[in-house]
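Please work through the following exercises on helix packing and nonpolar cores with the sequence and the model at hand. Each task is followed by a worked solution.

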Amino acid sequence: ASTETLRGLAAFPLSVAVLAVSVLCMITATSSYLRFVHGWDPLSALFGASPGALAQVMALSAEYKADLRAIAIVQTMRVVALTIGIPTGLSFFGLTAEGGLMARFVAAGPASIGELTILVVVCTASALAVYRLRLPGGLMFGAMMASALLHGGGFINAFLPWWVVYAAVIGIGAVTGSRFANTDPLTLLRFLGAALGSFAVGMT
């Protein structure tokens, strides 16, 4: 979040409202598909249907002891399909997608030690406070709320160093990958079917 992002949201209220309704419809349809067609439990179906950053979804899935193997396959297939599909679609219409994750870090420039210190201290305190209140996903959402307030209010403009972000994603990937130990091929194929089917439902 940033002040520019908040101003952008306020400039297009109808588009934001339509997007919010569309996302809710997609999550409802996709989670219902996973529950009633593939027999997933409600929580795993919700995490499997939730769009957004894969790392956050997997962290929450691990915290709530959902079916990590199933969710990882569905979410990963969605990311792969979008990663391949969007550039292909842009190329088909003669457009190109420039930049990427590393470009974001380079464009942001090095964050100051002072801002990073404020970000870490405030987010840690907020995460522990929300966790002690026993709210769902307290450690993650507490930190996210503090970061959103700091950046959205224009108090700081700090980005974590790329090596910290990469280490966190690799750690989450390692934990998720360990859940695939001793998984038989038929189970993987069943999850793959759920992944493709849920992606089709979500796109529709």
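The exercises below go from the overall make-up of the chain to two helix pairs and then to the cores.

The model is predicted, so that local features need pLDDT of at least 70 and side-chain atom pairs count only at pLDDT 80 or more, whereas totals for chains, interfaces and linings use all residues. Residues are numbered from 1 along each chain as its sequence is written, and side-chain values use heavy atoms, with hydrogens and water left out.

**Exercise 1.** Determine how many helices and strands the chain has.

Solution. Taking helices as DSSP runs of H or I with at least four residues and strands as runs of E with at least two, numbered from the N terminus, one finds ten helices and zero strands. Of the 204 residues, 25% count as buried, a term that means under 20% relative accessible area with a 1.4 Å probe and protein chains only.

**Exercise 2.** Describe how H2 packs against H3.

Solution. Begin with the axes, which are lines fitted to C-alpha atoms over the stretch in contact, with angles from 0 to 180 degrees between N-to-C directions. Those of H2 (residues 13-36) and H3 (residues 42-49) come within 8 Å and cross at roughly 135°, which makes H2 oblique to H3; angles under 35 degrees count as roughly parallel, over 145 as roughly antiparallel, 65 to 115 as roughly perpendicular and the rest as oblique. Next, list the contacts (heavy atoms within 4.5 Å): Met26, Ile27, Thr30, Ser31, Leu34 and Arg35 in H2 meet Pro42, Ala45, Leu46, Gly48 and Ala49 in H3.

**Exercise 3.** Which relation do H3 and H5 have to each other?

Solution. The axes of H3 and H5 lie 9 Å apart at an angle of about 15°, and the two helices are therefore roughly parallel to each other. Their contact is made by Ser44, Phe47, Gly48 and Ala49 of H3 together with Ile71, Val74, Gln75 and Arg78 of H5.

**Exercise 4.** Analyse the largest nonpolar core.

Solution. A nonpolar core is a set of buried Ala, Val, Leu, Ile, Met, Phe, Trp, Tyr and Cys residues joined through side-chain atoms within 4.5 Å. The largest one has 19 residues, and those with the most contacts inside it include Leu34, Phe47, Val74 and Ala194. Two or more residues each come from H2, H3, H4 (54-63), H5 (68-92) and H10 (185-203), the largest share, six residues, being that of H5. Finally, leaving aside neighbours within four places in sequence, Ala194 is in contact with Tyr33, Leu34, His38, Trp40 and Val74.

Methods. Buried means under 20% relative accessible area, exposed over 50%, partly exposed in between (1.4 Å probe, protein chains only).
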